[in-house]
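Reader: I would like a close look at the charged pairs in this model, followed by an account of the parts around them. Please keep it plain.

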Amino acid sequence: MKINALITGATGMVGEGVLLQCLEDPNVENILVLTRKPTGRVHPKLKEIVHQNFFDLTPVADQLAGYNACYFCLGVSSLGMKEEEYTRLTYTLTMHVASILADRNPEMVFCYVSGAGTDSSEKGKLMWARVKGKTENDLMKLPFRKVYAFRPGAMIATPGQKNILTAYKYFSWMFPILKLLFPNSICTLEQVAQAMIAVTVTGYEKQHIEVKDIKCIAENHR
């Protein structure tokens with residue numbers, strides 16, 4: 001199976017890491033990046049659609065057909081954000097994009113980057129976890145071939161990345177300690193991308209992909 005992948009969030013840290021791995025992986029034949037600003041990368045596999053308003057994809061919707069995978073890496077931090085706005089940028093935006101993709105690509109495998117600690121019950125105390133949980137749950141109701149919710153914890157960037165979170169630069173020295181003390185709380189972006197590619201090709205028995213699953217799937221993909 002050759003993958004024709006659509007990637008969102010490719011100018012962010014997670015999306016860029018996934019993009020770099022997809023460019024290298026022989027299972028991925030073509031890549032479409034849906035982005036608000038150019039990635040600045042040129043590659044024979046790569047095509048970009050630059051579109052500012054992700055809440056209205058009508059002008060570009062017809063160009064989003066013909067893909068069998070979506071690696072949805074677009075997201076925002078909930079820090080300092082009220083629930084209404086975080087819901088709009090996390091749940092509403094994601095569901096809008098996903099609904100359009102499901103309508104045009106019924107054989108698509110949709111991989112959503114969620115987060116460790118996401119609340120599937122939608123009733124917990126943590127606002128971000130409830131919103132992410134609702135997003136996961138409603139994505140899994142859409143008519144895709146399969147939906148996987150990836151729940152990484154701390155992620156180690158891929159060498160050569162341009163887009164690194166400011167906080168990452170200050171806390172990356174802790175990663176060797178975290179790997180030693182809490183191995184199921186940290187993985188690499190390379191492993192996240194490898195796991196996404198693997199579940200697209202061969203599937204996985206779980207739809208909620210935790211850190212330990214990411215590592216296991218990625219190891220078997222190599």
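With which residue does K134 form a salt bridge, and how far apart are the closest N and O atoms?

Author: This is a predicted model. In it, K134 pairs with D138 in a salt bridge whose closest N and O atoms are 3.3 Å apart. Both residues belong to helix α3, where four residues, about one turn of the helix, separate them. K134 is partly exposed because its relative accessible area is 32%, while D138, with a relative accessible area of 12%, is buried. Side chains of opposite charge can pair when their charged atoms come close.

The count of salt bridges comes to eleven. One of them joins E210 and R151, at 3.1 Å from N to O. E210 is part of strand β9 (residues 208–210) and R151 of strand β6, so this pair ties together parts that are 59 residues apart in sequence. R151 is buried, its relative accessible area being 7%, whereas E210 counts as partly exposed at 28% relative accessibility. Elsewhere, D62, D103 and R104 are joined into one network by salt bridges that share partners. Within this network, the salt bridge between R104 and D103 has its closest N and O atoms 3.4 Å apart. D103 counts as exposed, at 58% relative accessibility, and R104 is partly exposed, with a relative accessible area of 29%.

Strand β6, which holds R151, also leads to the interior. In the largest nonpolar core, which has 38 residues, the members that touch the most others are I7, I31, Y71, F150 and M196. Two or more residues of this core come from each of β1 (3–8), α1 (13–24), β2 (28–35), β4 (69–72), β5 (109–113), β6 (146–151), α6 and α7 (211–221). Helix α6 gives the largest share, eight residues. In soluble globular proteins, nonpolar side chains tend to be buried together.

Y71 shows how some of these elements meet. Neighbours within four places in sequence aside, Y71 is in contact with I3, A5, L6, I7, T8, V18, C22, C111, M196, I197 and T200. Apart from this core lies another, of 31 residues, which include L64, V97, L139 and L142.

Two of the helices that supply the largest core can be described further. Helix α6 covers residues 189–202; its 14 residues reach 20 Å from the first C-alpha to the last, close to the 20 Å expected at 1.5 Å a residue. Eleven of these 14 residues are buried, and α6 is thus mostly covered. The buried residues are L189, Q191, V192, A193, Q194, A195, M196, I197, A198, V199 and T200. Just after α6 comes G203, which takes a positive phi of about 80°. Helix α1 has twelve residues and a reach of 17 Å from its first C-alpha to its last, close to the 16 Å expected at 1.5 Å a residue. Eleven of the twelve residues of α1 are buried. Among the buried residues of α1 are V18 and C22, and both are contacts of Y71.

V97, a member of the 31-residue core, also has a link to a loop. The C-alpha atoms of V97 and F55 are separated by 7.6 Å, although the two residues are 42 apart along the chain. F55 lies in the loop between β3 (46–50) and β4, and is partly exposed because its relative accessible area is 28%. Leaving aside neighbours within four places in sequence, the contacts of F55 are R88, L89, T92, L93 and H96.

Another loop, between β5 and α3 (127–139), holds E122. Most residues other than glycine have a negative phi. In E122, which is not glycine, phi is positive, near 65°. E122 is partly exposed, with a relative accessible area of 30%.

Finally, the surface. I177, L180, L181 and F182 form a nonpolar patch there, with about 450 Å² of accessible area together. Of these residues, L180 lies in helix α5 (residues 175–181). L180 counts as exposed because its relative accessibility is 69%.

Definitions and conventions:
Residues numbered from 1 in each chain as written. Predicted model: local features only at pLDDT ≥ 70, side-chain atom pairs only at ≥ 80, totals over all residues. Heavy atoms only, no water. Patch = residues over 30% accessible without salt bridge, like charges linked within 9 Å, V, L, I, M, F, W, Y side chains within 5 Å. Areas by Shrake-Rupley, 256 points an atom, 1.4 Å probe, with all protein chains shown as cover. Salt bridge = Lys/Arg side-chain N within 4 Å of Asp/Glu carboxyl O. Buried < 20%, exposed > 50% of the residue type's maximum accessible area, 1.4 Å probe, protein only. Expected span 1.5 Å × (residues − 1). Core = buried A, V, L, I, M, F, W, Y, C linked by side-chain atoms within 4.5 Å. Contact = heavy atoms within 4.5 Å.
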